[in-house]
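Subject: Structure handover

Hello,

Here is the structure you asked for. Please open it alongside this email; my notes follow below.

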Amino acid sequence: MAKPFEVSDDNFQTDVLESDKPVLVDFWADWCGPCRMIAPSVSAMAEEYEDVLRVAKMDIDVNPAVPGRYGIFSIPTLMLFKDGQVVERITGAVPKDRIVAQVLPHLETAAA
């Protein structure tokens with residue numbers, strides 16, 4: 001059962017930008033209520049799409065460099081990285097079906 005993995009400023013390059021699968025990164029913070037609201041959706045996606053997607057969480061309070069580089073000013077922000085590039089950006093507590101609708105076109109699914 002796949003779960004989101006923690007990513008940091010130190011391992012972002014290796015674990016996200018150099019990943020052979022697309023990576024959905026959830027930029028969040030402990031004090032953020034809307035971040036807690038979407039956490040179950042993010043976790044469910046890690047499980048449902050584990051064959052074609054990696055899901056990471058980055059605490060912006062602990063890791064300020066990467067969010068600063070990507071201009072993350074409001075959280076939760078989800079960013080989908082594919083081949084080292086941002087291909088999708090979702091800001092705010094949105095329903096899971098909207099996250100899936102924006103992420104799915106970028107995944108190579110066997111069912112497609």
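Two strands count as paired if DSSP finds at least two bridges between them. Strands E2 and E3 meet that rule, with six bridges joining them in parallel. Please keep in mind that this is a predicted model.

**Strand E2 and its partners**

E2 covers residues 23-28. Leu24 of E2 has Val55 as its bridge partner in E3. E2 also pairs with E4, this time antiparallel, through five bridges. There, Phe27 is partnered with Thr77 of E4.

How do E2 and E3 connect, and with which hand? Helix H2, residues 33-48, joins them in a β-α-β unit, and the unit is right-handed.

Is E2 mostly covered or mostly open? It is mostly covered, with six of its six residues buried. Val23, Val25 and Phe27 are buried on one side. Leu24, Asp26 and Trp28 are buried on the other. Both faces of E2 are therefore covered, since buried means under 20% relative accessible area.

**The nonpolar cores**

The largest nonpolar core has 20 residues. Those touching the most other members are Val7, Phe12, Val16, Val25, Phe27, Tyr70 and Phe81. Four elements give two or more residues to this core: helix H1 (12-17) and strands E2 (23-28), E3 (54-59) and E4 (77-82). E2 supplies the largest share, four residues.

Take a look at Val25. Leaving out residues up to four places away in sequence, Val25 touches Val7, Phe12, Val16, Ala56, Met58, Thr77, Leu78, Met79 and Phe81.

A second core, of 17 residues, lies apart from the largest one. Its members include Ile38, Val42, Ala46 and Val55.

**The disulfide**

How many disulfides does the model hold? The count is one. It joins Cys32 and Cys35, with the sulfur atoms 2.3 Å apart. A disulfide is a covalent bond between the sulfur atoms of two cysteines. The torsion about the S-S bond of Cys32 and Cys35 is about 80°, so this disulfide is right-handed.

Are the two cysteines buried or exposed? Cys32 has 3% relative accessibility, so it counts as buried. Cys35 is at 2% and therefore also counts as buried.

**Two residues to look at**

Pro4 sits in the segment before strand E1 (5-6). Its relative accessibility is 22%, so Pro4 counts as partly exposed. Setting aside neighbours within four places in sequence, Pro4 is in contact with Val42, Ser43, Ala46, Val55 and Lys57. Among these, Val42, Ala46 and Val55 belong to the core of 17 residues. Pro4 and Glu48 are 44 residues apart along the chain, and their C-alpha atoms are separated by 12 Å.

Ser19 lies in the loop between H1 and E2. Its relative accessible area is 11%, so Ser19 is buried. The Ser19 side chain reaches the backbone oxygen of Lys21 at 2.8 Å. Ser19 also touches Thr14 and Arg54, not counting residues up to four places away in sequence.

Best wishes

Note on methods. Residues are numbered from 1 along each chain as its sequence is written. This is a predicted model: local features need pLDDT of at least 70, side-chain atom pairs count only at pLDDT 80 or more; totals for chains, interfaces and linings use all residues. Side-chain values use heavy atoms; hydrogens and water are left out. A nonpolar core is a set of buried Ala, Val, Leu, Ile, Met, Phe, Trp, Tyr and Cys residues joined through side-chain atoms within 4.5 Å. Buried means under 20% relative accessible area, exposed over 50%, partly exposed in between (1.4 Å probe, protein chains only). Contact means heavy atoms within 4.5 Å. A disulfide is a pair of cysteine sulfur atoms within 2.5 Å. A crossover is right-handed if, with the strands pointing away from the viewer, the path from the first strand over the helix to the second runs clockwise. A polar contact is a pair of N or O atoms within 3.5 Å; within protein, one must be able to donate a hydrogen and the other to accept it, and residues adjacent in sequence count only if both atoms are side-chain atoms.
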